[in-house]
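Biologist: I would like to learn how to read aromatic contacts and pockets in a model. Can we go through them one at a time?

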Amino acid sequence: MVETAINIEDRQQRQVAAGKIIRTMAAMFPKDQQTANFKHKLWNHLAYISGFRLDIDYPFNIEEAKAMDKKPEPLPYPQGRPKIRHYGKLVEESCAILSDMPEGTERDELARQTANQMRRMLLEYGHSNAREETVFSDLYRLTNGKIQLNPSMFRFDRTVMAMEKQTKKKKKKN
């Protein structure tokens, strides 16, 4: 329909054809007619579908349709790899924040949460070496020696892995 309207020589007849196309488009989506800018969207779509070649008097500004035609700029993805791959970039960033924080309860809480997350990630990654000492030494290394948790004082949160949850669900009670 749009190609036919583009090829019509008379501008007045082309305008009438565009109106019929809009009515047809509106009939296809009767529920959407209650939205505030429904007609405006239809005219934008008509302009976009025609490749902006339909020479008519649009009742609305079709600049939004022209903005849809532009490709977005590519995102700058980070290029660096984390120092310890199984912990990921977020744990590394959390450790960088930790090393710059002044001593206090906020830093202690962030260190506790980071250590617990590191242990969960070790367990999820399938490390047979998911010992507490590994987390302590990795946290010490990632914070450049500024955070050293006391193994005798620090207690990890209880960690229930997804595999354990699934096996518990599969067991039937007699």
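Modeller: Start with the aromatic cluster in this predicted model. One such cluster is formed by Phe136, Phe154 and Phe156.

Biologist: How many aromatic pairs does a search of the whole structure find?

Modeller: A pair of aromatic rings is described by two things, the distance of the centres and the angle of the planes. Here the whole structure yields five aromatic pairs. In one of them, Phe136 and Phe154, the ring centres are 5.9 Å apart and the planes meet at 85 degrees, so the pair is edge-to-face.

Biologist: Which parts does the pair of Phe136 and Phe154 tie together?

Modeller: Phe136 belongs to helix α7 (residues 132–142), while Phe154 sits in the loop between α7 and α8 (162–170), so the pair links parts 18 residues apart in sequence. Phe154 also pairs edge-to-face with Phe156, at 4.9 Å centre to centre and 85 degrees between the planes.

Biologist: Is Phe136 buried or exposed? And what about Phe154?

Modeller: The cut-off for buried is under 20% relative accessible area. Phe136 has 10% relative accessibility, so Phe136 counts as buried. Phe154 also has 10%, and therefore counts as buried. Phe156 is buried too.

Biologist: Which residue lies over the face of Phe156?

Modeller: Arg119 does, at 5.3 Å from the ring centre.

Biologist: Now the largest pocket. What lines it?

Modeller: Rolling a probe the size of a water molecule over the atoms shows where empty space is left. The largest pocket holds about 160 Å³ of space. Its lining includes Arg107, Asp108, Lys146, Met153 and Phe154. By type, the lining has five nonpolar, two polar and four charged residues.

Technical notes:
Residues are numbered from 1 along each chain as its sequence is written. This is a predicted model: local features need pLDDT of at least 70, side-chain atom pairs count only at pLDDT 80 or more; totals for chains, interfaces and linings use all residues. Side-chain values use heavy atoms; hydrogens and water are left out. On a 1 Å grid over the protein atoms alone, a cavity is a set of points where a 1.4 Å probe fits but cannot get out, and a pocket is an open set with protein on both sides within 12 Å along at least five of seven lines; lining residues have an atom within 4 Å of a point. Grid points are joined across faces, edges and corners, and a volume is the space filled by probe spheres set on the points. Ala, Val, Leu, Ile, Met, Phe, Trp, Tyr, Cys and Pro count as nonpolar, Asp, Glu, Lys and Arg as charged, and the others, Gly among them, as polar. Rings of Phe, Tyr and Trp (its six-membered ring) pair if their centres lie within 6.5 Å; planes under 30 degrees apart count as stacked, over 60 as edge-to-face and the rest as tilted. Helices (H or I, at least four residues) and strands (E, at least two) are DSSP runs, numbered from the N terminus. Buried means under 20% relative accessible area, exposed over 50%, partly exposed in between (1.4 Å probe, protein chains only). A charge sits over a ring if NZ of Lys or CZ of Arg is within 6 Å of the ring centre and within 35 degrees of the ring normal.
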